[in-house]
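Reader: I would like to learn how to read a structure feature by feature, with the general idea stated before each case. Could we work through one together?

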Amino acid sequence: MAPPEHPNPAAPSENSQPPAPAAAKGKGKKKEEDDLSEEDLALKEQLELYVVRAQDTDPGVQKLALESMRQEIRSATSSMTSVPKPLKFLRPHYGTLKSYFETMPESELKKYMADILSVLALTMSVEGERESLKYRLLGSEGDIGSWGHEYVRNLAGEIAQEFQKRQDDDLPIDALMELVQQIVSFHMKHNAEPEAVDLLMEVEDLDLLVEHVDTTNYRRACLYLSSSSRYLPAPDDMLALDIAYTIYMKFGDLASALRIALQLDKPMQYVKQVFTTTDDFLLKKQFSYIIARHGLAFEIDDEIAVDDNDKEILQEIVNNTKLSEGYLTLARDIEVMEPKSPEDIYKVHLIDGRGASSSLDSARQNLAATFVNAFVNAGFGQDKLMTAPSDSSSSGSSGNWLFKNKEHGKASAAASLGMILLWDTDSGLAQLDKYLHSNDTHVVAGALLGIGIVTCGVKNDCDPALAILMEYIGKDDSNIRIGAILGLGIAYAGSQKEELKMHLSAVLGDSQSPLEVLVFSAIALGLVFVGSCNEEIAQSIIFALMERSEAELAEPIIRLLPVALGLLYLGKQESVEATAEVSKTFDEKIGKYCDVTLMSLAYAGTGNVLKVQKLLGICSQHLEKGETHQGPAVLGIALIAMAEELGAEMAVRSLERLLQYGEQNIRRAVPLALGILCISNPKVNVMDTLSRLSHDADADVSMAAIISLGLIGAGTNNARIAGMLRNLSSYYYKEAAHLFCVRIAQGLVHLGKGLLTLSPYHSDRFLLSPMALGGLVTVLHACLDMKSTILGKYHYILYIIVLAMQPRMLLTVDEDLKPLPVPVRVGQAVDVVGQAGRPKTITGFQTHSTPVLLAAGERAELATEKYIPLTPVLEGFVILKKNPEYHEE
């Protein structure tokens, strides 16, 4: 807008007499005109003249007037805050033009007039009238972009409303769809991908997007699609992902397409399609790493790789056989190979006063030390208790440590060897073998469980675990049977092996099986067939539940049966409904519990707001004693809301409310819910809440809070949590149960000496690994009743958490898969969804040489141009290839 030519705008009033039509409007009008600058006044008169001329009888005059009006409107620039001048001055005439338009005969001119009215309606029309759209549809088929962004935006909004209305009244929508085409192509050309996507979602035609994206904007469009899919109700969420997958495939961004494929409902065919699209063998190796990290059981067949050698290489990567090697490379690089003893973790010397003196060699303390030792040295292959070389006798000191534990403690001690040798199948099986020949049934049971743990997440073509453990399923001793069954569940989680279904279902259906064997068979089946919606297994678990006697239903361990049933439907939303109906017919002791558990697991990780509300409703009831189903409801809120950051923050606040107003059995579950919401991600506010709860008067609440402190700090070596736990160990030095929980939590915080994470999310918090989540859920549900499970004789349930343990590393390898150190920048991830241009994706970064550790919420990017990564998300194993265009300085 030009500055006024006269310093005093009121001065030139005598030479600017208002034109005749305006003069009649009296004095108020005159005062307003005195405030306008000369140019504005001229413009105003000009426009008013056009309005009069546009209603002239001579079509030539009309056309000229409309042309001029159009020029004025188009050439007007406006600041962001004000309405463009021409629109402002034409406001009073909107009504007259509208009524004149109705009287005009059909002609080009009428269309011309409609265009102008459509633009005027931008500032004039009444809310909800959708006049801008009405006149647009009556107007000429011109380019809409020339009227400016604001106009296009307004139209898009009106189209969405109109579409809804026409859908409801069954009216044709073809004219609208033509406009949509225009608007979408306008938005895509002008960096407004999110708006294009939103409009297409409103008119339920996302397929249109595929033709409008090009190489410059497909990434932003797909990023917006995949991020918004978390907030969409089912089927729409999968549809959005499906379109993103199609677009990535169209532009050959196969690694991104693969990540989307893993998120879709039936990943197998999509994953296969990604593999068969390319002939680049390096890329196929990278895909195999991504699949291995996700834990998908995937067979490499002839379509994917023709050559047998190639097939073997890819299958090895998919089977995760390289994991142990990569993890130890990281450990050597960070120089933490030195084995740690539990004492190094407890750091008793830092605690002043009473806690220091409790050096009682009790069985429970030793059991705790067994777990701490297993968690801290997980995957390192050496420790100071179980594998330490011995001077005295051939059996080794490991035998001595083993027998410092009583009865079922020995089982956990033997199994801990599996955890220490995690992912290293060959040496693991060799070292566990000697315990299988022991005369002590507990030791044998532990060794069987250890075999399951060692092969967790690492598949092998000759299935050694299956061969060994199958022999022991039918033994008489129930401890040995549980060891073998749970071992199978952990070793083959997510693999959906048919043989296991046969054998374990037989155990479930056997009326002679003891209750605990039954429960663990169900859990093992749930883990192996996690998220498969397998009807037969669901049936057999349901029958097992129905046939239980009153006394058996009162057993605390029974609560794991509904969890096993829920695992089959983990994250599968509606598919659970038929089973949930059946569960309503159960004995009322378990019926409600089962119902709530099924719902919370079926919607886990989906962020479904309606289900969260429903569960909050269940938590708000005040029930008489003996009702247990509110615990799983609280956990359910956390499981559903963990899908995205916003939901998680809101859930934390809702859980605070439940702490204040909820019944005791709700309060006991709240710490565990907080633990899963921020797993391996120690947020300060959650840490403080848990710290407060860890001194709660109710023993169950405080124990749950202590375990949860371990969960949120899992594998982070967080100094603040470590300090809290040391103080707690001196505070509770007389309470054996609490002290045990403190020790477990200390072990978790230093998980893998700080190299591991328990978070089930990976790939920039985009993909959720069902096996990892299944393992966590099982452990949390067991923790809802600590006294009878973790603190009783079922402490080995804690080992199920191994399913979620993954190195939180970035390891770059060259084309022969040998580690290749390169500089990378690691910083806090920034959410760049919907931002224009190429915004920075990380902030506050430091530059390190790989391999590096990635904390929760961190992202890495290469700091060199010399190599090109084969996947956009730098996490886990990343293959780099040389950049052909790079020249050394």
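Reader: To begin with the backbone, where is the place of Q496?

Author: Q496 lies in the loop between α27 (478-491) and α28 (498-509), where helices (H or I, at least four residues) and strands (E, at least two) are DSSP runs numbered from the N terminus. Before going on, note that this is a predicted model, in which local features need pLDDT of at least 70 and side-chain atom pairs count only at pLDDT 80 or more, while totals for chains, interfaces and linings use all residues. Residues are numbered from 1 along each chain as its sequence is written, and side-chain values use heavy atoms, with hydrogens and water left out.

Reader: What is the phi of Q496, and is this residue buried or exposed, or something in between?

Author: Most residues other than glycine have a negative phi, and most peptide bonds are trans. Q496 has a positive phi of about 55° although it is not a glycine. Its relative accessible area is 39%, so Q496 is partly exposed, given that buried means under 20% relative accessible area, exposed over 50%, and partly exposed in between (1.4 Å probe, protein chains only). D764 also has a positive phi, of about 60°, without being a glycine; D764 sits in the loop between β2 (761-762) and β3 (767-768), and it is partly exposed because its relative accessible area is 28%.

Reader: Which residues are joined by a cis peptide bond?

Author: The cis bond joins T850 and P851, with omega of about 0°, and P851 belongs to the loop between β7 (842-849) and β8 (852-853).

Reader: How many helices and strands does the protein have, and what does the C-alpha trace span?

Author: There are 43 helices and 11 strands, and the C-alpha trace spans about 115 × 70 × 55 Å along its principal axes. Of the 889 residues in the protein, 56% are buried.

Reader: How should I read a pair of helices, and at what angle do α29 and α32 cross?

Author: One reads the axes, which are lines fitted to C-alpha atoms, for helices over the stretch in contact, with angles running from 0 to 180 degrees between N-to-C directions. The axes of helix α29 (residues 515-528) and helix α32 (residues 560-567) come within 8 Å and cross at roughly 20°. That angle makes α29 roughly parallel to α32, since angles under 35 degrees count as roughly parallel, over 145 as roughly antiparallel, 65 to 115 as roughly perpendicular and the rest as oblique. The crossing of these helices, α29 and α32, is left-handed; a crossing is left-handed if the near helix is turned anticlockwise from the far one by less than a right angle, and right-handed if clockwise.

Reader: What is the handedness of the crossing in which α40 passes α42?

Author: That crossing of α40 and α42 is right-handed. The axes of helix α40 (residues 699-712) and helix α42 (residues 736-749) come within 7 Å and cross at roughly 15°, which makes α40 roughly parallel to α42.

Reader: How many salt bridges does the structure hold?

Author: Side chains of opposite charge can pair when their charged atoms come close. The structure holds 30 salt bridges, each being a side-chain nitrogen of Lys or Arg within 4 Å of a carboxyl oxygen of Asp or Glu. E131 forms one with K98, the closest N and O atoms being 2.8 Å apart, and this pair links distant parts of the chain, with E131 in helix α8 (residues 131-138) and K98 in helix α6 (residues 94-103), 33 residues apart. E131 is buried, at a relative accessible area of 6%, whereas K98 counts as partly exposed at 24%.

Reader: How far apart are the closest N and O atoms where D253 forms a salt bridge with R219?

Author: They are 3.8 Å apart. D253 is in the loop between α14 (236-250) and α15 (254-263), while R219 is in helix α13 (residues 218-228), so that this pair, 34 residues apart, links distant parts of the chain. D253 counts as buried at 12% relative accessibility, and R219 counts as exposed at 51%.
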